[in-house]
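Work through the two exercises below with the sequence and the coordinates at hand, and compare each solution with your own reasoning.

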Amino acid sequence: MEHLSVGNAQRCVLESVAVLGAESVKLEQTLGRVLAEDVCANRDIPPNDVSAMDGYAVRSADIKNVPATLEITEDIKAGDMPTKTVQAGQCARIMTGAPMPDGADAVIRVEDTQSLAVHSVLINRSAKSGHDVRTRGESMRNGEVVLAAGTEITPGVIGVLATVKGAQVQVYRHPRVAILSTGNELEDIDEPVDPDKIPNSNSYALMAQVQALGIEPALLGIARDDPAELEEYLQRGLRFDVLLVSGGTSVGVHDYVRPTIEALGVQMKFWRVAMKPGHPVAFGSTAGTFVFGLPGNPVSSMVCFEEFVAPALRSMMGHARLYRRTIAARLTHDVKHQPGRTEFVRVILGKEDGSYSATSTGAQGSGMLLSMARADALMVVPAASTGMAAGELVTVQLLDGTVFQDDVGYSE
Ligand code: AMP
Ligand code: MG
């Protein structure tokens with residue numbers, strides 16, 4: 001199963017992972033999580049017919065001919081209950097959200113009235129029954145399902161949960177994710193600068209990609225290209241739900257990840273994908289852990305995270321929308337492409353004549369991390385393409401990290 005297409009590799013990953021179990025979380029901690037249960041209203045909202053305005057609760061029959069002078073029976077503030085019935089020729093002063101008194105069937109806002117004396121008011125407009133009255137249960141009805149399991153918790157959803165007194169919420173658990181970098185050439189962030197070494201950026205870029213999904217990963221550090229050391233680190237990583245291993249997945253004589261990982265009982269599903277960057281990407285699993293072997297080249301590692309790891313993590317968290325949002329953009333220059341692999345070109349987006357434009361960030365080497373730092377989006381060049389021309393409409397995948405969609409949105 002080598003040289004899978006991007007789509008087949010994505011399907012392979014998503015068919016392997018499953019949503020994790022549920023846990024009970026305090027409402028304040030649930031933003032971005034996914035509901036694991038249906039949530040029902042526990043009362044009618046509003047609980048009574050209430051006024052939608054500050055004004056006067058009237059009998060609509062009394063204000064057919066206006067202006068009309070009405071006697072004020074009482075003042076009903078939000079939080080008060082009315083004590084008097086509004087009779088013919090009467091009204092009650094009422095505030096927004098306060099319950100309607102018996103007898104009244106409409107509200108005239110204060111701007112359409114004129115105060116005459118302490119106990120009387122001139123109503124300057126007529127209104128139909130129900131005008132500016134919010135009827136009992138119009139927002140939600142006691143017992144009705146207001147949020148279905150699978151709903152992503154946004155600020156609006158938090159408001160609804162608070163309305164139904166959901167102080168504790170059943171949400172899907174987050175995967176525990178570990179990140180391991182491999183390679184003798186690597187120098188970690190707290191080590192002194194050695195001009196002959198390569199700074200470890202992958203651990204941190206991957207950390208941030210995981211954090212952007214709302215998960216705090218564990219950094220396991222750097223394993224040297226030594227089978228015994230690698231085995232020890234991999235064993236630690238296999239205690240997590242998901243292990244991301246950066247580097248060592250190529251076919252170099254010192255790339256020990258493959259044999260070591262297989263010796264530890266990880267069943268590998270694929271080792272290569274027809275993509276650029278990111279060709280040497282691998283995926284497999286044990287009973288409790290999904291393992292992604294990400295290419296060492298910094299851009300490849302990040303692109304593979306976007307295309308395979310992010311959808312997998314979102315699926316495990318119970319999200320229906322797994323993929324970064326794609327939009328159409330007009331290319332501002334030609335892009336060369338040899339048919340064979342799906343290419344992900346880092347682009348900067350602009351706006352031209354009301355539509356998006358896409359411009360390459362410049363040199364696209366898989367070690368050129370600045371191309372990722374500058375990019376707004378990944379432009380997808382389908383594997384079969386023989387190149388793209390300036391002015392062509394292309395599909396770009398937004399990297400802004402906040403919007404997701406339910407299908408991948410591009411063809412490889
Ligand atoms: P590998 O996939 O192990 O063959 O690594 C390919 C290249 O990626 C290496 O030569 C390094 O230059 C680079 N590389 C590997 N791991 C990292 C890392 N953690 N951070 C930055 N660059 C890396
Ligand atoms: Mg290496």
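**Exercise 1.** State what volume the second largest pocket has, which residues lie nearest its centre, and how its lining divides by class.

Solution. The second largest pocket has a volume of about 300 Å³, where a pocket is, on a 1 Å grid over the protein atoms alone, an open set of points where a 1.4 Å probe fits, with protein on both sides within 12 Å along at least five of seven lines, and a volume is the space filled by probe spheres set on the points, which are joined across faces, edges and corners. Next, 17 residues line this pocket (each with an atom within 4 Å of a point), and G32, E152, R314, T402 and F404 lie nearest its centre. Finally, the lining has 5 nonpolar, 7 polar and 5 charged residues, with Ala, Val, Leu, Ile, Met, Phe, Trp, Tyr, Cys and Pro counted as nonpolar, Asp, Glu, Lys and Arg as charged, and the others, Gly among them, as polar.

This is a predicted model, in which local features need pLDDT of at least 70 and side-chain atom pairs count only at pLDDT 80 or more, while totals for chains, interfaces and linings use all residues. Residues are numbered from 1 along each chain as its sequence is written, chains are lettered from A and ligands numbered from 1 in the order in which they are written, and side-chain values use heavy atoms, without hydrogens and water.

**Exercise 2.** Describe the largest pocket in the same steps.

Solution. The largest pocket holds about 350 Å³ of space. Its lining comprises 22 residues, with E185, L186, N202, G296 and N297 nearest the centre, and divides into 6 nonpolar, 13 polar and 3 charged residues.
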